Amino acid sequence: MAQGTETPAGPPGDTGPAKSGTDAYLHRRTLRRGSAGWLLLTGLGVAYVVSGDFSGWNIGLSKGGFGGLAVAMVLMGVMYACLVFALAELSAILPTAGGGYGFARRALGTWGGFLTGTAILIEYILAPAAISLFIGDYVESLGLFGLTSGWPVYLACFAIFIGIHLWGVGEALRFSLVVTAIAVAALLIFAVGAFTEFDAGRLNDIPADASAFGSSSWLPYGLLGIWAAFPFGMWFFLGVEGVPLAAEEAKDPVRSMPKALAISLAVLVFLALITFVSATGAQGANAIKEAGNPLVVALQGDGEPTALSRFVNYAGLAGLVASFFSLIFAGSRQLFALSRAGYLPRFLSLTNRRKSPYLGLLIPGIVGFTLAAWSGNGGRMLNVAVFGATISYALMALSHLVLRRREPELPRPYRTPGGALTSSVAFVLACSALVATFLVDRDAAFIALAVYAVALAYFAFYSRHRLVAGAPEEEFAALAAAEAELARD
């Protein structure tokens, strides 16, 4: 048994051990296997991200201009591509609900696993809270049912969509796929309409700041503007790394997970390019750089709403719902895996009769709703989420590097193109993006660090001494340690 772990042996319904050992403990903490094929997983990958195409990315124009944001988007796209290829290999080796936490646990030990899992939780609990605020703004701007943005709308979002997740993972992912398809179709229709108004001269219409080093019409805020735009270049891809969290519920994860990751990233790259270029060229970078609904502004400017702009406005709501819905899924699975292994209170990983982690859905939902209703600052919460995301990216890329070096003979049904070089690029770019978050919102970065400090104190003084040896991620790590010891002997 690994040091610091224990085998449960008491009532399975609480934080104490299970009644008849590990088998009974895990029986109360199982997910519905084989519920998602590659198509549903691909839809999940796109759903995580699609809301970022409708809003948020355009603020990067106010940090780096068109040229700065374009370079940032390309570099962040490279980072995500390299990370996704590394995760495809890792998820084929370790197809469990732990995702990034499980990979880091195997490569970096218990501390590395907890650091990675906590960073992922920060991202997936804060992002839905922020998106619920944006949904409220859309509902109010569209005049739906006469509602205004406020806590009743936020509560309805969490209650309805968590309810669908409690119904079952297959039903939840099919719902997500339908809503995502609507949002993607809307982006394609938007691009066709926006390109009819396209003027390349509008791309660089932000006045250059002569005091900024390296400033020009394409880089109005200079070379530093490229770095400052990194977090907004991420918005076109932020969340796709969450697909491996569905590995334990996937059909043939060894084959379906790499396929879904690759296809979803390809779709996102295409959507990012056409959305970024068409929206900026339709009305100009200066017109949309701080707009809350940049696609609508790109279509109508200061004029009257058109049929197409109204359609895109409604579709933007569909995109927000798709991302909100899928991020709830991701957060619940990460919380489930950490709880099942004892890193967080064990009762959080209990599943209902339909094999959904009901407390892992309800508790983050309550936290997210409370933050949304109390804070009302969606931008700040998303910046905190981005900070957590960049930490997890660096640690997941590092996990790939460590496993490649430490366990070169480990069976790898899928191998990352480029091997360690690919994950090295992801690691360097993730660290650069992490530092860039301080340029955008230093307060958000320090809030994330404070949450991290509290979580680490809990782990250091309590939970690391109460890990569950029989949890899948712990068993993988224990097996690796045993094999390494035999090799030394």
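Here are some questions and answers about the pockets, cavities, surface patch and salt bridges of this predicted model.

Q: Why is R255 called exposed?
A: Exposed means over 50% relative accessible area. R255 has 66% relative accessibility, so R255 counts as exposed.

Q: What makes D252 partly exposed?
A: The middle class lies between the buried limit of 20% and the exposed limit of 50%. D252 has 41% relative accessibility, so the label for D252 is partly exposed.

Q: How do you know that R255 and D252 form a salt bridge?
A: A salt bridge needs a side-chain nitrogen of Lys or Arg within 4 Å of a carboxyl oxygen of Asp or Glu. For R255 and D252, the closest N and O atoms are 4.0 Å apart, and the pair counts as a salt bridge. In general, side chains of opposite charge can pair when their charged atoms come close.

Q: What makes D441 and R380 a salt bridge?
A: Their closest N and O atoms are 2.7 Å apart, and the cut-off is 4 Å, so the pair qualifies. This bridge links distant parts of the chain: D441 sits in the loop between α16 and α17, while R380 belongs to helix α15, 61 residues apart.

Q: Why is D441 called buried?
A: Buried means under 20% relative accessible area. D441 has 10%, so D441 is buried. Its partner R380 has 26% relative accessibility, so R380 counts as partly exposed.

Q: How do you know that E89 and R412 link distant parts of the chain?
A: E89 is in helix α4 and R412 is in the loop between α15 and α16, 323 residues apart. Their closest N and O atoms are 2.9 Å apart, and both residues are buried. Salt bridges that share partners also join E89 and R412 with R404 into one network. In total, the structure holds five salt bridges.

Q: What makes V435 fit for a surface patch?
A: A patch residue needs over 30% relative accessible area and no salt bridge. V435 is partly exposed at 40%, so V435 passes the area cut-off. V435 is in helix α16, and forms a nonpolar patch with L224, W227 and L439, with about 350 Å² of accessible area together. Two or more residues of the patch come from each of α8 and α16.

Q: What is the class make-up of the lining of the largest pocket?
A: By class, this lining has 22 nonpolar, three polar and one charged residues. The pocket has a volume of about 670 Å³ and is lined by 26 residues, with I122, I125, L126, V367 and V451 nearest its centre. Helices giving two or more residues to this lining include α5, α13 and α17.

Q: What classes line the second largest pocket?
A: Here the lining has seven nonpolar, 10 polar and two charged residues. This pocket has a volume of about 370 Å³. Among the residues closest to its centre are S55, F134 and G292. The largest share of the lining, four residues, comes from α5.

Q: What makes a space a cavity, and how many of 30 Å³ or more are there?
A: In a cavity, a 1.4 Å probe fits but cannot get out. By this rule there are four cavities of 30 Å³ or more. About 190 Å³ of space lies in the largest cavity, and S51, G52, I131, L238 and L382 are closest to its centre. The lining of this largest cavity divides into 10 nonpolar, five polar and one charged residues.

Conventions. Residues numbered from 1 in each chain as written. Predicted model: local features only at pLDDT ≥ 70, side-chain atom pairs only at ≥ 80, totals over all residues. Heavy atoms only, no water. 1 Å grid on protein atoms, 1.4 Å probe; cavity = no way out; pocket = protein on both sides within 12 Å on 5 of 7 lines; lining within 4 Å. Points joined across faces, edges and corners; volume = space filled by probe spheres on them. Nonpolar A, V, L, I, M, F, W, Y, C, P; charged D, E, K, R; others polar. Patch = residues over 30% accessible without salt bridge, like charges linked within 9 Å, V, L, I, M, F, W, Y side chains within 5 Å. Areas by Shrake-Rupley, 256 points an atom, 1.4 Å probe, with all protein chains shown as cover. Buried < 20%, exposed > 50% of the residue type's maximum accessible area, 1.4 Å probe, protein only.
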